[in-house]
Amino acid sequence: MRDLLRAVAGPVICAVVVIGLLAAWTGTGGGGTLTRVRLQVTQAAVPMRAFTPQTAAKVTAATTFLTIRNLSGTADELVAARTPLARRVVLRQRSPAQGGPLVIPAHGTLTLTPLGEDLVLQQPSPYESRATVPLTLTFRRSGTVTVDAPVTGPGTP
């Protein structure tokens, strides 16, 4: 019986260690990739819709400025975004034919502006008197990242 316990103990201990390491790897965002994708939001801004609250209330969408850098060798994709200050947030492609998520290339940058690929806050609550707008960005590999984007003057990043 003692010999049987010794024979079983080694493989059981190895299995427990491997499962623990895999759980830690998956829990830190590494599951599914050989390297962890690291992203950095280097610029974020939500311009006011207008200079006066009365005019801003008539504008039903707000644009954003975001610059997202991928510091890893694995591409990632921005698949969704949300904020408590808008009913809906839309990822807008440069060309309708592109469709799908916005890609952040490996060691590359994704720049979102009202003139290109963009994040649009639809039917936002009045935010012009706030200092920042919280934006939660959801990435395919990196999970979620929340940023507080400063509110800037109309049309400015």
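The legends below go with a set of close-up views of this predicted model.

**View 1. The whole chain, from helices to strands.** Let's start with the full picture before zooming in. The protein has 2 helices and 10 strands, and these follow the pattern α-β-α-β-β-β-β-β-β-β-β-β along the sequence. Of its 157 residues, 32% are buried. The accessible surface comes to about 9,400 Å², and carbon and sulfur atoms hold 60% of that area. Among contacts with a separation of 6 or more, 71% are between residues 24 or more positions apart.

**View 2. An open sheet of 7 strands.** Here the strands appear in the order β6-β4-β9-β10-β1-β3-β7, and the pairing is mixed. Which strands stand at the edges? They are β6 (102-104) and β7 (109-112); each has a single partner strand, so one side of each is left without a neighbour in the sheet. From one strand to the next, the twist averages 30 degrees.

**View 3. Strand β4 and its two antiparallel pairings.** This view follows β4, residues 76-82, and what lies beside it. With β9 (residues 132-139), β4 runs antiparallel, and 4 bridges join the two. Two residues are handy to pick out: Ala-80 has Thr-138 of β9 as its bridge partner, while Arg-82 stands opposite Thr-136, also in β9. The pairing of β4 with β6 is antiparallel too, with 3 bridges. There, Leu-78 has Leu-102 of β6 as its bridge partner.

**View 4. Arg-49 and Glu-128, a salt bridge between two loops.** How many salt bridges does a search of the whole structure find? The search finds 3, and this view and the next two take them in turn. A general point helps with all of these views: side chains of opposite charge can pair when their charged atoms come close. The side chains of Arg-49 and Glu-128 meet with N and O 2.7 Å apart. Arg-49 is in the loop between β1 (39-47) and α2 (53-58), and Glu-128 is in the loop between β8 and β9, so the pair links distant parts of the chain, 79 residues apart. Are these two residues buried or exposed? Arg-49 is buried, with a relative accessible area of 14%, and Glu-128 also counts as buried, at 18%.

**View 5. Arg-140 and Glu-77, a salt bridge from a loop to strand β4.** We are back at β4, this time looking at a charged pair. The side chains of Arg-140 and Glu-77 meet in a salt bridge at 2.4 Å, N to O. Arg-140 lies in the loop between β9 and β10 (143-152) and Glu-77 lies in strand β4, so this salt bridge ties together parts that are 63 residues apart in sequence.

**View 6. Arg-92 and Asp-118, a salt bridge between two strands.** In this pair the closest N and O atoms are 2.9 Å apart. Arg-92 belongs to strand β5 (residues 86-92) and Asp-118 to strand β8, with their positions 26 residues apart in the chain. What is the accessibility of each partner? Arg-92 counts as partly exposed, at 35%, whereas Asp-118 is buried, at 0%.

**View 7. Two residues with positive phi, His-107 and Gln-123.** Neither residue in this view is a glycine, yet phi is positive in His-107, near 55 degrees, and in Gln-123, near 50 degrees. Where does each one sit? His-107 is found in the loop between β6 and β7, and Gln-123 lies in strand β8 (residues 118-124). His-107 is exposed, with a relative accessible area of 62%, and Gln-123 counts as partly exposed, at 45%.

**View 8. The surroundings of Arg-38.** Our last stop is Arg-38, in the loop between α1 (2-27) and β1. Which residues does Arg-38 contact, leaving aside its neighbours within four places in sequence? They are Arg-69, Asn-70, Leu-71 and Ser-72. His-107, from the previous view, can be placed here as well: Arg-38 and His-107 are 69 residues apart in sequence, and their C-alpha atoms are 9.6 Å apart in space.

How values were computed: Residues numbered from 1 in each chain as written. Predicted model: local features only at pLDDT ≥ 70, side-chain atom pairs only at ≥ 80, totals over all residues. Heavy atoms only, no water. Pairing = 2+ DSSP bridges. Axes fitted to C-alpha atoms, helices over the stretch in contact; angles between N-to-C directions. Buried < 20%, exposed > 50% of the residue type's maximum accessible area, 1.4 Å probe, protein only. Salt bridge = Lys/Arg side-chain N within 4 Å of Asp/Glu carboxyl O. Contact = heavy atoms within 4.5 Å. Areas by Shrake-Rupley, 256 points an atom, 1.4 Å probe, with all protein chains shown as cover.
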